[in-house]
Amino acid sequence: MMSGHFKRANSTVTKPFVSMEPETSHNNSSTPLRLFVDAKKKINEIFGEVASHMKEGQEFIIGIPSELHVVSSDHQEKVNESYNQVQGIREVLARDHMKVAFFGRTSNGKSSVVNAMLRDKVLPTGIGHTTDCFLCVEGSDTTEPYLQVGDSEQKLSVKSVGQIANALSDERICDQSSFVKVCWPKSRCHLLQNDVVFLDSPGIDVEPNLDDWIDKYCMDADVFVLVSNAESTLMRTEKSFFHKVSEKLSKPNIFILNNRWDASANEPEMEAVKKQHLQRDIEFLVDELKVVTRQQAEDRVFFVSAKEALITRIPKPAHTPDSSGPLADGFQARLFAFENFERKFEECISHSAVVTKFEQHAKQGKQIVTSTQDILDEALQASSQKRATCIEKRKDRTDRLEYVTTQLKLLTGECKEKIKDTAEQAETKVSAAMTDEIRKLSLLVDQFDRSFHSDALVVKVYKEELQKHLEAGLGRNLDARCSSAVMHDVHQIQTQMTDGMSALLPDESKEQMGSLLFRRDFDLSYRLDCQHLFADFSENVEFHFSLGFTALMNRFLGPKNTRVAMAGFANAIPRPFPNADVAGATKNEEDMTVAMVTGLASLTSRTSMGLMIVVGIVWKAVGWRVLAVGGGLYSLLYVYERLTWTNKAKEKAFKQQFVQYASEKLKLLVNFTSANLSHQIQQELSGTFSRLCLEVDNSRDTLKKELIQLEAESQKLEAMMSRAKVLRNKAGWLDSELDRYIRTYLQH
Ligand code: GDP
């Protein structure tokens, strides 16, 4: 089956001008295939960057707390999707290669063409159909070739073409539906090194299911080579296959190799035949398939001899006899044509593969990068807006805090002043009312209508009841006169304080202020403890003749001096007002009066002798009748007074004494009561004020906490903004890299 022995047509013919150098010396850097290799390297690099950018972007976007509302969940999903998409593209890109598929009828020389191009006998060739399955040749990084059948990962070791042929002839692995991969060391062939993959097919005259072929093996092919037999014209099967291909793929790159052209070398009508083939092939490509223009078509049709190309390209070991046989006339032209085909093929496949393999991905990459950039832009804008709002809020809160602090200071001074004033006013008011009430005390005492009796026990109870009556009455009167006015003032101040303080509180706290601050149980208490106050009151309801000696003394000397004078008399003289103080007398006046009284007392204490002398003198002067009348009148008056000294009179006297006594005592209580009331008011208002202050302090604390939160949020947003900016700029850079890539590799 193997046809490795060819003879040169003319042994004297020198080496063809085509390079006969082994593959290793092929100038790899000058091949048009570098375009694809470079483009692939570059796009892989770019996508590597895109992937790391997407990873960073994904981490950033997903990491943004949802409560900040900077990115929507849709955007987060989109970034996730894009990241996965990029990973998918990277996998495809890493596998991307240029694929050339060879079709033609059996024995037209497809395998020979592949071998000639690979410059080695990689595929078995022979007469009759050699390949019953699809054979794919691709480069491997191993030093020895191996086979893989179908989807199996198993590597079947092969060392030579013969072994491949043997392996392929093994019925177990090779039927028409099988796919065999020949992995050939890249180091042996520059085409494999440059990522070209060859696909050899069974003859299209053998396999009827063309659709299946195309779907399975041809959709990713960059170039199709129709290997026809130059000895015959294009067959219907060949044409119909390519019609199907061009239906499924838009404008496929098709080359037509009229192989075995060496067989027609000696034909006399060779040129005419060539012209005819050329014309028909061009018509097929241009008019029927409409895949190229007429001008382009001339670079797609070649007349070659794969057999000759292969012979001239396989390096022969030294001292080996030339077994290839003679080459037919004009082989140089055919070799040149083959080389020409290879050059055009390389140009075409690299350009085409760059476009088909990378254009879509570059555009997709651009889309992904742009949409990520948009999302980052939105995140940047949203976080920038949020930050601006945050700063605004922070400023507002700082101003508010400052305002509240200053106002609180002012209000504190103001409120203290008001509290003091109100307390003082209340004190004055109560003091005035109490003085007035004391003045009208007799009215209150007169209103007490309990029956009086001079009996000591009755008097005791009467006194107690009267004290209670006085206490209640006074309390009631003071309450009626002062309480409502004072309470009104207190409430007014409380309202003013509340209003003032409310202005320092946020709206939501204002409403509950009123209810919080007024103590409903607050009531004024006058603290008139009369029972204790009047404890040492002692009444005098004994009969006293108004012209009696003591009464006269009282009238002329006053009660105090009388008492002093009486001290010289018997202890029986009653003391009308114990401890009653007389204000106004100076020390000297007192001394003089005491001297006079003492004199008088000493006078009275002498015997009735003196009195008799006086009576005698008066007797002499006015006569006994006048004395008798005077004495009579005096006695009458005494009797009269004695008779009118009834219980009623005693009650009156008692009440008078009580009023006088109580007035004195209550006067002493005025300051205490009013000060006490003022203290109560001060306490109530201070209590209200401190509760208000507490509310304001709470609100200040809330403001401070809010400020700390806003500061933290603003810092977080700032960090987010700078990260979003970096990522957005990187996306912009990647976008421009992809643009540059498109300009460099795709816009030819
Ligand atoms: P395939 O079935 O299309 O793969 O064809 P092969 O490559 O196996 O070739 C079939 C036969 O044709 C082999 O014996 C080759 O030696 C022979 N052959 C291939 N190419 C040429 C050529 O250009 N000239 C001549 N004379 N014979 C060729």
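**Exercise 1. Find how strands β2 and β5 pair, and place them in their sheet.**

Step 1. Start with the two strands: β2 covers residues 134-140 and β5 covers residues 179-185, and they pair in the parallel sense over 7 bridges. Strands here are DSSP runs (E, at least two residues), helices are runs of H or I with at least four residues, and both are numbered from the N terminus. Two strands pair if DSSP finds at least two bridges between them.

Step 2. Pick out one position: C136 stands opposite K181 in β5.

Step 3. Now zoom out to the sheet. It is open, has 9 strands with mixed pairing, and runs in the order β4-β3-β5-β2-β6-β1-β7-β8-β9. At its edges stand β4 (156-157) and β9 (301-303); each has a single partner strand, so one side of each has no neighbour in the sheet.

A word on what you're looking at: this is a predicted model, where local features need pLDDT of at least 70 and side-chain atom pairs count only at pLDDT 80 or more, while totals for chains, interfaces and linings use all residues. Residues are numbered from 1 along each chain as its sequence is written, and side-chain values use heavy atoms, with hydrogens and water left out.

**Exercise 2. Describe the surroundings of the ligand.**

Step 1. Look at the shell, that is, residues with a heavy atom within 4 Å of the ligand. There are 20 residues around the ligand, and S111, S112, G126, R260 and D262 come nearest.

Step 2. Sort the shell by type: 3 nonpolar, 12 polar and 5 charged. For this sorting, Ala, Val, Leu, Ile, Met, Phe, Trp, Tyr, Cys and Pro count as nonpolar, Asp, Glu, Lys and Arg as charged, and the others, Gly among them, as polar.

Step 3. Ask which helices help out. Both α3 (110-118) and α10 (306-313) supply at least two residues of the shell, and α3 gives the most, with 3 residues.

Step 4. Check the polar contacts (pairs of N or O atoms within 3.5 Å; within protein, one must be able to donate a hydrogen and the other to accept it, and residues adjacent in sequence count only if both atoms are side-chain atoms). A polar side-chain atom of S112 sits 2.6 Å from an oxygen atom of the ligand. For N259, a polar side-chain atom is 3.1 Å from a ligand oxygen atom. G109 takes part through a backbone N or O atom, 3.0 Å from an oxygen atom of the ligand.

Step 5. Finish with the area: the ligand taken alone exposes 570 Å², and the protein buries 93% of that. Accessible areas come from the Shrake-Rupley method with a 1.4 Å probe; for residues, only the protein chains shown count as cover.

**Exercise 3. Why is α10 largely enclosed?**

Step 1. Count its buried residues (under 20% relative accessible area; exposed is over 50%, partly exposed in between, with a 1.4 Å probe and protein chains only). In α10, 7 of the 8 residues are buried, so the rest of the structure largely encloses this helix.

Step 2. Name them: A306, E308, A309, L310, I311, T312 and R313.

Step 3. See what they pack against: α3, β8 (253-259) and α11.

**Exercise 4. Compare R119 and K290: where does each lie, and is each buried or exposed?**

Step 1. Begin with the background: most residues other than glycine have a negative phi. R119 has a positive phi near 60°, and K290 has a positive phi of about 55°.

Step 2. Locate them. R119 is in the loop between α3 and β2, while K290 lies in the loop between α8 (270-288) and α9 (294-297).

Step 3. Check the accessibility: R119 counts as buried at 11%, whereas K290 is exposed at 55%.

**Exercise 5. Trace the contacts of F654 and S383.**

Step 1. F654 belongs to helix α20 (residues 647-746) and is buried, with a relative accessible area of 0%.

Step 2. List some of its contacts (heavy atoms within 4.5 Å). Leaving out residues up to four places away in sequence, F654 touches several residues, including F452, Y462, F537 and V541. The C-alpha atoms of F654 and S538 are 9.5 Å apart, although 116 residues separate the two along the chain.

Step 3. Turn to S383 in helix α11 (residues 331-439). S383 is buried too, at 0% relative accessible area. Beyond neighbours within four places in sequence, S383 contacts V70, L717, M720 and M721.
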